[in-house]
Structure formats: structure tokens, C-alpha cells
Amino acid sequence: KFGKPVKLEESPAKAVARILNDLEESGEEERRRAVADLSAKCVDPTFALQFFAKRGLNVLTSLVSADKFPESPELVKILKSIVDLMEQELISMDELIDDTQFIGRISRYINSGDTQPAVMVQSLE
């Protein structure tokens, strides 16, 4: 009768700030939620622009390089999010390739005999 209600969402800028803060400075449960939020929002070009502007890719690669997500589900989501963000071609792939620690960690996942299959698939993408 009165139309459809509008659902207000968090702005991309606020979502990026919250996710990055939770990834860097929060406890285990907040990190899991941040990874899930990142995974859901990373395909949005507006979110991706804000994420790159806040140096979010550097945060993700340094977290992976430091092995901050040893649990497979979160690591898989982070690697998938990096792929989704890079596929939008908003920044050069050279920025990712220049991070030698990140590339080293990915190569260890690929060359390790005990890497879980889901991590292996995302590492090879």
C-alpha cells in the first residue's frame, strides 16, 4: 500500500574502515566477521575503490604474509577476495606482484605438501 521500505546499508567508506580495523586490531571473532564481510562486499566496484584508496590490499597481503589466518576457511576467503578485487582492474597487478613476501607465502602454499586443497586452488588463481 505504501511502497517498499528502503533498507539503509553502511557506506562503502565506513565498511572499508570497519573491516580494515577489525582485520588489523580485533579479536578472532571480529576478524572472522570482517573476512566474511570483505568476501561479500569485494565484488562491489564502489567498495573496491574505497578499499584500494585505504591501502586495503596492502593490509590483506601483509596479513597473509604474516600467516595471521592459519585456518583454511578464512584464508580461502581472503585469497578469493584478493582475486575478486584484482579482477576489477582498478589497480595494476604489478602492485600485487611487487610484494615479495606475499608472493613467497603463496609459493609456499603451492609447494607445500600439506596445503589444504581449497587454499591450493585459491593460491593458483
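1. Axes here are lines fitted to C-alpha atoms, for helices over the stretch in contact, and angles run from 0 to 180 degrees between N-to-C directions. Helices are DSSP runs (H or I, at least four residues), numbered from the N terminus.

2. This is a predicted model, in which local features need pLDDT of at least 70 and side-chain atom pairs count only at pLDDT 80 or more, while totals for chains, interfaces and linings use all residues. Residues are numbered from 1 along each chain as its sequence is written, and side-chain values use heavy atoms, with hydrogens and water left out.

3. The axes of α2 and α5 cross at roughly 35° and come within 9 Å. From α2, Arg-32, Val-35, Ala-36, Leu-38 and Ser-39 make the contact (heavy atoms within 4.5 Å); from α5, Glu-74, Lys-77, Ile-78 and Ser-81 do.

4. The largest nonpolar core (buried Ala, Val, Leu, Ile, Met, Phe, Trp, Tyr and Cys residues joined through side-chain atoms within 4.5 Å) has 29 residues. Leu-23, Phe-51, Leu-60, Val-64 and Ile-82 touch the most other members. Two or more residues come from each of α1 (12-25), α2 (28-41), α3 (45-53), α4 (56-65), α5 (72-87) and α7 (100-111). The most come from α5, with six residues.

5. Leaving aside neighbours within four places in sequence, Val-64 is in contact with Leu-75, Ile-78, Leu-79, Phe-102, Arg-105, Ile-106 and Tyr-109.

6. Asp-84 lies in α5. Asp-84 counts as buried (under 20% relative accessible area, 1.4 Å probe, protein chains only) because its relative accessibility is 12%. Not counting residues up to four places away in sequence, Asp-84 touches Cys-42 and Val-43.

How values were computed:
Buried means under 20% relative accessible area, exposed over 50%, partly exposed in between (1.4 Å probe, protein chains only).
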